[in-house]
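Colleague: I should like to discuss the architecture of this protein with you. Please take the questions in turn.

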Amino acid sequence: MKNCIILKNDIVLFSEVKVADRFGTRLVGLLRTAGLAENQGLLLKKCNQVHTFGMKFFIDAIFLSKDGDILYIEHEMGPGKVSPHIKRAYWVLELKSGSGRQYHLEINQRLVVRQNN
């Protein structure tokens with residue numbers, strides 16, 4: 001799986017983000033993960049809705065346009081939930097629960113995805 005970093009205003013917020021850009025990696029998502037550290041996340045490509053069925057921890061789901069603009073934030077999404085369908089979303093960034101508030105992420109801010117490989 002590819003890796004990337006996520007920046008806001010040229011500052012690295014998350015340095016260990018896996019990119020799920022194929023059917024299999026998007027399907028599995030974070031299901032095989034015990035939890036996320038502060039700097040970790042999963043970036044789902046071509047995605048406009050997520051679920052947390054089978055997960056054992058809470059996440060923040062940040063819905064982004066193709067250009068990286070934040071369209072919607074689902075804070076503290078617990079296990080067994082389904083997010084709203086965000087029509088214009090192209091990416092969904094799944095982060096440790098509380099990260100959205102900790103890093104002051106807001107609708108209309110732009111995040112930059114920089115591929116590592």
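Colleague: How many helices and strands does the protein have, and in what order do the elements run from the N terminus on?
Modeller: The model is a predicted one. The protein has two helices and seven strands. From the N terminus on, the order of these elements is β-β-α-β-β-β-β-α-β.

Colleague: Why is the protein as compact as a globular protein of that length?
Modeller: For 117 residues, the globule rule gives 13 Å. The protein is as compact as a globular protein of that length because its radius of gyration is close to that value, namely 13 Å.

Colleague: Which strand runs parallel to β3, and which runs antiparallel?
Modeller: Five bridges join β3 (residues 40-45) to β2 (residues 11-20), and these two strands run parallel. Within this pairing, E16 has Q40 in β3 as its bridge partner. Five bridges also join β3 to residues 91-96, where L44 stands opposite V92. The parallel strand is thus β2, and the antiparallel one is β6.

Colleague: What share of the residues counts as buried?
Modeller: A residue counts as buried under 20% relative accessible area. Of the 117 residues of the protein, the share that meets this criterion is 42%.

Colleague: How many positive and negative side chains are there, and how far apart do the centres of the two sets lie?
Modeller: The protein has 17 positive side chains and 11 negative ones. Taking the centre of each set, the distance between the two is 8 Å.

Methods. Residues are numbered from 1 along each chain as its sequence is written. This is a predicted model: local features need pLDDT of at least 70, side-chain atom pairs count only at pLDDT 80 or more; totals for chains, interfaces and linings use all residues. Side-chain values use heavy atoms; hydrogens and water are left out. Helices (H or I, at least four residues) and strands (E, at least two) are DSSP runs, numbered from the N terminus. The radius of gyration is taken over C-alpha atoms; the globule rule is 2.2 Å times the number of residues to the power 0.38. Buried means under 20% relative accessible area, exposed over 50%, partly exposed in between (1.4 Å probe, protein chains only). Lys and Arg count as positive and Asp and Glu as negative; His and the chain ends are not counted. The place of a charge is taken as NZ of Lys, CZ of Arg, CG of Asp or CD of Glu. Two strands pair if DSSP finds at least two bridges between them.
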